[in-house]
Amino acid sequence: STLNPKPSQALSPGIRPASTARKAISRVPRGAQYARSALRANSRPLQARVCAARAPQGQQQVLDPRSAARVRLGTLPQRRAGAARNAAAGKYSTTEKVAECTSCNISEYQHIEATTFCYTCPVGSITEATGSPSVQSCLCPSGLTQAIDGRCVDYWQSGVQYDVPFSALGTSGGSTAWTLCYDSTYSTAMTSTNLECTFTAGSLYLFAAARVGWSNITLLAMGSTSSLQTNPIPLSASAAQATPLLHNGVYWYRTSDAFGFAMNDTVDLQTQDIAQTECKSRLGWDIGTSSGGFRAGCTCGFQCSDLQDLTGTPGSSWRKLIYKVDP
């Protein structure tokens, strides 16, 4: 007679007993992705690799187009150990668990996904909220202005400025104030060392001309010497640049014996700039000669409209000024 099969034998064709299935699972190669979880009855769905990103209220979650230059200027904190494939912009993570993503603190930001750290905002700036996804979220407090490299300083403008009170440059003496590092008359000879003014890589510089005894600066322009900036101000003789290059709204030039700026790229360098278009925007100094000079706006010798030889007695009534803000 035919016997009823045991329960373990009464299976549909192709279905193996549980004990056999368990053995099959144990034989799955270690590198086969998701093979084990696919055979588990209660397998959970895979978690997202990136935390849900949320920009602070009132801010757009966009990458800063200037970040390639400026992100390097933020202080890089010590990296927090671990992988961070889950961290969205504005967050960091030390694990791969979505629940453990952490928002960047106040005064920090992170514009890149999947990182284990946040960048510190440029000097003097602060964010309005945690979780900032861009360096653009780093803002200057009231009374300070953001410079070309993102730092906050007492005074910053693009282009040539006129009739500026000395007091506008700040008198606090702190890290945000402009520090006077050179002050001499136009009739005094100037060297490359004077121009560099104890050079520090990445410093902000402000060059100005003013009448002796006046409370306002006649004209000035400013910029950065950082190689991370486009066309940084050429100060050293090795960086000599006779063709004016645009930086912070101003055209700068430097030759072996001349330094200066103008509002346009029409510079007539016959040793010194004698161009007359927009003459009030032009500043030029003799470098490495025994004569001093050369021009403060429209005031200079040769073909200038205000014919005064600033290498001589008229030069003693004009000041050459250099200010700095170091990193």
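This passage describes a five-stranded sheet, a set of salt bridges and one buried serine in a predicted model. Because the model is predicted, local features require a pLDDT of at least 70 and side-chain atom pairs a pLDDT of 80 or more, whereas totals for chains, interfaces and linings use all residues. Residues are numbered from 1 along each chain as its sequence is written, and side-chain values use heavy atoms, with hydrogens and water left out.

Strands are DSSP runs of at least two residues, labelled E and numbered from the N terminus. Strands of a sheet pair through backbone hydrogen bonds, in either a parallel or an antiparallel manner. Two strands are taken as paired if DSSP finds at least two bridges between them. Five strands form an open sheet in the order E7-E10-E9-E20-E8, with antiparallel pairing. The edges are occupied by strand E7 (161–165) and strand E8 (179–185); each has a single partner strand, so one side of each is left without a neighbour in the sheet. Neighbouring strands of this sheet are turned by 30 degrees against each other on average, direction ignored, where axes are lines fitted to C-alpha atoms. E8 pairs with strand E20 (residues 318–325) over six bridges in the antiparallel sense. Aspartate 183 stands opposite leucine 321 in E20.

A salt bridge is defined as a side-chain nitrogen of Lys or Arg within 4 Å of a carboxyl oxygen of Asp or Glu, and five are counted by this rule. Asp273, Arg282 and Arg295 are linked in a network of such bridges. Between aspartate 273 and arginine 282, the closest N and O atoms are 2.9 Å apart; between arginine 295 and aspartate 273, the corresponding distance is 4.0 Å. Arginine 295 belongs to strand E17 (residues 294–296) and aspartate 273 to strand E15 (residues 272–273), so this pair ties together parts that are 22 residues apart in sequence. Accessibility was classed as buried (under 20% relative accessible area), exposed (over 50%) or partly exposed (in between), using a 1.4 Å probe and protein chains only. Aspartate 273 is buried at 1%, as are arginine 282 at 0% and arginine 295 at 0%.

A further salt bridge joins lysine 324 to aspartate 326, with the closest N and O atoms 3.1 Å apart. Lysine 324 is buried, at 6% relative accessibility, whereas aspartate 326 is partly exposed, at 38%.

Serine 134 is located in the loop between strand E4 (119–120) and strand E5 (145–146). This serine is buried, with a relative accessible area of 2%, and the side chain of serine 134 reaches the backbone nitrogen of glutamine 136 at 3.0 Å.

Technical notes
Helix = DSSP H or I, 4+ residues; strand = E, 2+ residues; numbered from the N terminus. Polar contact = N/O pair within 3.5 Å; in protein donor to acceptor, adjacent residues only side chain to side chain. Axes fitted to C-alpha atoms, helices over the stretch in contact; angles between N-to-C directions.
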